[in-house]
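Me: I would like to go through the terms used for this structure one at a time, setting each value against its cut-off. Here is the entry.

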Amino acid sequence: MLRGLVALGVTAAAGGDRARDYPQGDGIALPLEASTSGFEHAQVGAEYWVSGPLPDNGTARPLTVLRMRVLRVPEGLEVVRYGTVTLRQTGGYLIGVTQDLAVGPARSFAVAPHDRAGAYFFTRVRVTGPVRGRLSGCRFWYRQGAVEFRQDVGCETVIRLGRPLRGA
């Protein structure tokens, strides 16, 4: 009995989709311009904001995007936190990798049926050494009606050590 309670406590504390069984969804669609982004001027010890994809609602029902997490973080990077920005804050553009952006806390946002989101998630990463691999795979959690879903989508960012940018 005690062993079962300990296992339950560990699972709940882990968060994500281990704490609850989320059905696999397919409501998030990505625009055609969703692709690999990159930054080849990273410095050890520096932190950068890396954008997630801008999700579209591929269904005829409204949905609320709850959160997003990067699935694979390579050696040399560590995730510091997640945040949300609106397209209004970025002048209507999807920004790939940046250091200087006022990213708020991670918040959910609604997406109308067959429409593009007006916000997207960023991941704050710290460079701890040479980066061996790519940030890849994005898991979204979203709600439609009373049901919460999870969905994995392709996303990829290449971060490499290199000469610092001037003025950085």
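Me: What is the handedness of the link of Cys-138 and Cys-155?

Reply: The link of Cys-138 and Cys-155 is right-handed, with 95° about the S-S bond. The model is a predicted one, in which local features need pLDDT of at least 70 and side-chain atom pairs count only at pLDDT 80 or more, whereas totals for chains, interfaces and linings use all residues. Residues are numbered from 1 along each chain as its sequence is written, and side-chain values use heavy atoms, with hydrogens and water left out.

Me: Why is the link between Cys-138 and Cys-155 called a disulfide?

Reply: The term applies to a pair of cysteine sulfur atoms within 2.5 Å, and the S to S distance from Cys-138 to Cys-155 is 1.9 Å. A search of the whole structure finds one disulfide. Cys-138 belongs to strand 11 and Cys-155 to strand 12, so the pair ties together parts that are 17 residues apart in sequence. Strands here are DSSP runs of E with at least two residues, helices are runs of H or I with at least four, and both are numbered from the N terminus.

Me: What makes Ser-136 count as buried?

Reply: Buried means under 20% relative accessible area, exposed means over 50%, and partly exposed lies in between, with a 1.4 Å probe and protein chains only. Ser-136 has 11% relative accessibility and therefore counts as buried. Ser-136 lies in strand 11, which spans residues 135-144. Cys-138 and Cys-155 are buried as well.

Me: Which residues does Ser-136 touch, leaving aside those up to four places away in sequence?

Reply: With contact meaning heavy atoms within 4.5 Å, Ser-136 touches Val-70, Leu-71, Arg-72, Cys-155 and Glu-156.

Me: Why does Ala-117 count as buried, and where is its place in the chain?

Reply: Ala-117 has 2% relative accessibility, and therefore counts as buried, while its place is in the loop between strand 9 and strand 10. Not counting residues up to four places away in sequence, Ala-117 touches Leu-54, Pro-55, Asp-56, Leu-87, Phe-109 and Val-111.

Me: What makes a set of residues a nonpolar core, and which members of the largest one touch the most others?

Reply: A nonpolar core is a set of buried Ala, Val, Leu, Ile, Met, Phe, Trp, Tyr and Cys residues joined through side-chain atoms within 4.5 Å. The largest has 36 residues, of which Tyr-48, Val-65, Phe-140 and Ile-159 touch the most other members. Strand 10 gives the most to this core, with seven residues. Beyond residues up to four places away in sequence, the contacts of Val-65 include Ile-28, Phe-109, Phe-121 and Phe-140.

Me: Why is the pair of Tyr-142 and Phe-149 called stacked, and what is the pair of Phe-109 and Phe-121 called?

Reply: Rings of Phe, Tyr and Trp (its six-membered ring) pair if their centres lie within 6.5 Å, and planes under 30 degrees apart count as stacked, over 60 as edge-to-face and the rest as tilted. The structure holds six aromatic pairs. Phe-109 and Phe-121 form a tilted pair, at 5.2 Å centre to centre and with 40° between the planes. For Tyr-142 and Phe-149 the centres are 5.3 Å apart and the planes are at 25°, so the pair is stacked. Both Tyr-142 and Phe-149 are buried, and both Phe-109 and Phe-121 are buried too.

Me: How do you know that strand 6 and strand 8 pair?

Reply: Two strands pair if DSSP finds at least two bridges between them, and strand 6 (residues 75-86) and strand 8 have two bridges, in the antiparallel sense. Gly-83 stands opposite Pro-105 in strand 8, and the bridge partner of Thr-84 in strand 8 is Gly-104. Strand 6 and strand 10 pair in the antiparallel sense over ten bridges, and Glu-75 stands opposite Arg-132 in strand 10.

Me: What is the strand order of the open sheet of five strands, and which are its edge strands?

Reply: The order is 7-3-10-6-8, with antiparallel pairing. Strand 7 (97-98) and strand 8 (104-105) are the edge strands, and each pairs on one side only.

Me: Which element has the lowest mean pLDDT?

Reply: With pLDDT being the predictor's confidence in each residue, from 0 to 100, helix 1 (residues 2-14) has the lowest mean value, 35, and strand 9 the highest, 98. Over residues 1-17 the pLDDT is below 50. Where pLDDT is low, the predicted coordinates should not be read in detail. The mean pLDDT of the chain is 86, and 84% of its residues reach 70 or more.
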